[in-house]
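Biologist: Please take one helix of this chain and examine it closely. I should like to know how its residues are placed, and then how the chain around it is built.

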Amino acid sequence: MNVSVLGAGTMGHGIAQVAAMAGHDVTMRDIEQEYVENGLDAIESNLRGGVARDKVTEEEMAATLDRISVTTELEAAVSGADLVVEAVPEKMDLKQQTMREVESIVSDETVIASNTSSLSVTEIMSALERPERGVGLHFFNPVHIMALVEVVVAEQTSSETLAFARDFVEGIDKTAVEVGDSPGFASSRLGVALGVEAMRMVQEGVASPADIDAAMELGYNHPMGPVELGDVVGLDVRLGILEYLREELGERFRPPQILKRKVRAGKLGKKSGEGFYVWEDGEIVGVSEDVMDR
């Protein structure tokens with residue numbers, strides 16, 4: 001199968017990697033050459049980590065990288081694709097524009113999927129002339145490790161598109177859970193609720209970020225605590241999701257002031273080097289001073 005992934009960021013390059021590891025030919029596209037090169041470097045780094053842990057062989061790494069091509073040209077990325085997965089920023093107008101541009105190029109048989117973590121897939125796919133070909137494929141970070149993919153069924157999604165999506169997810173060795181197109185779906189709605197309460201606890205001085213995270217990791221067997229996860233996902237992304245869920249579902253999703261202040265200050269988490277924690281080379285090296293001062 002030919003798979004096109006639009007976006008080479010954290011989610012995009014992860015989706016490209018797992019699709020290529022499953023034997024699909026993948027084209028990864030982003031708007032700048034630097035972005036696609038960074039995405040490809042991240043994939044190689046992930047694979048080398050797998051080799052070091054005896055999870056991936058050298059031959060599998062080489063074969064995976066050989067199946068991935070990169071481009072900044074949309075037409076080159078999606079022409080001939082059986083499946084297009086958009087992983088562009090969480091902005092409805094951008095996603096709808098992407099849908100329209102993709103549909104003008106691809107064949108009538110191409111399935112078009114969105115990796116949105118919270119936006120309405122039904123609304124995204126309303127930009128298509130044939131919205132029945134649209135579906136949500138919500139992957140989880142880090143994509144090459146997390147086993148779950150939410151298959152989000154839009155109001156327009158046909159049974160054939162849904163079956164195609166489920167087969168694709170199973171074929172890349174992931175577990176598909178089918179959910180209706182409700183704000184935040186299942187996972188984001190629950191995950192964000194936990195994350196926002198953890199931020200409020202930090203804001204109120206209930207406990208430190210490290211202690212909150214340790215409580216959930218050791219007490220509830222979470223692989224990563226909610227404060228650290230917010231930093232990894234991106235605090236700007238968390239804020240956008242909360243604002244959307246507040247609008248759709250009510251005040252229980254109101255973003256806390258500590259989150260708003262950090263985003264305004266450019267402290268977006270791991271990707272900016274500081275959020276609730278301080279990060280260097282992808283690792284936590286301390287706690288943000290404005291958190292320690294609370």
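Modeller: In this predicted model, a convenient place to begin is Asn-221, which comes after helix H9 and has a positive phi, near 65°. Helix H9 itself covers residues 209-219, and its buried residues are Pro-209, Ile-212, Asp-213 and Met-216. Viewed down the axis of H9, these buried residues lie within an arc of 95°, so they line one face of the helix. The spacing has a general background: an α-helix has 3.6 residues a turn, so residues three or four places apart point the same way. On the other side of H9 the exposed residues are Asp-211, Leu-218 and Gly-219. An aspartate is thus found in both sets, with Asp-213 buried and Asp-211 exposed.

As for the surroundings, H9 belongs to a chain whose secondary structure amounts to 13 helices and ten strands. The chain has a radius of gyration of 19 Å, close to the 19 Å given by the globule rule for 294 residues, so it is as compact as a globular protein of that length. Its C-alpha trace spans about 55 × 45 × 35 Å along the principal axes. Buried residues make up 48% of the 294 in the chain. Among contacts with a separation of 6 or more, 63% join residues 24 or more positions apart.

Turning to the surface, the chain exposes about 13,800 Å², of which carbon and sulfur atoms supply 48%. The charged side chains number 26 positive and 52 negative, and the centres of these two sets are 7 Å apart.

Key. Residues are numbered from 1 along each chain as its sequence is written. This is a predicted model: local features need pLDDT of at least 70, side-chain atom pairs count only at pLDDT 80 or more; totals for chains, interfaces and linings use all residues. Side-chain values use heavy atoms; hydrogens and water are left out. Helices (H or I, at least four residues) and strands (E, at least two) are DSSP runs, numbered from the N terminus. The radius of gyration is taken over C-alpha atoms; the globule rule is 2.2 Å times the number of residues to the power 0.38. Buried means under 20% relative accessible area, exposed over 50%, partly exposed in between (1.4 Å probe, protein chains only). Contact means heavy atoms within 4.5 Å. Accessible areas come from the Shrake-Rupley method with a 1.4 Å probe; for residues, only the protein chains shown count as cover. Lys and Arg count as positive and Asp and Glu as negative; His and the chain ends are not counted. The place of a charge is taken as NZ of Lys, CZ of Arg, CG of Asp or CD of Glu. The arc is that of the directions from the helix axis to the C-beta atoms.
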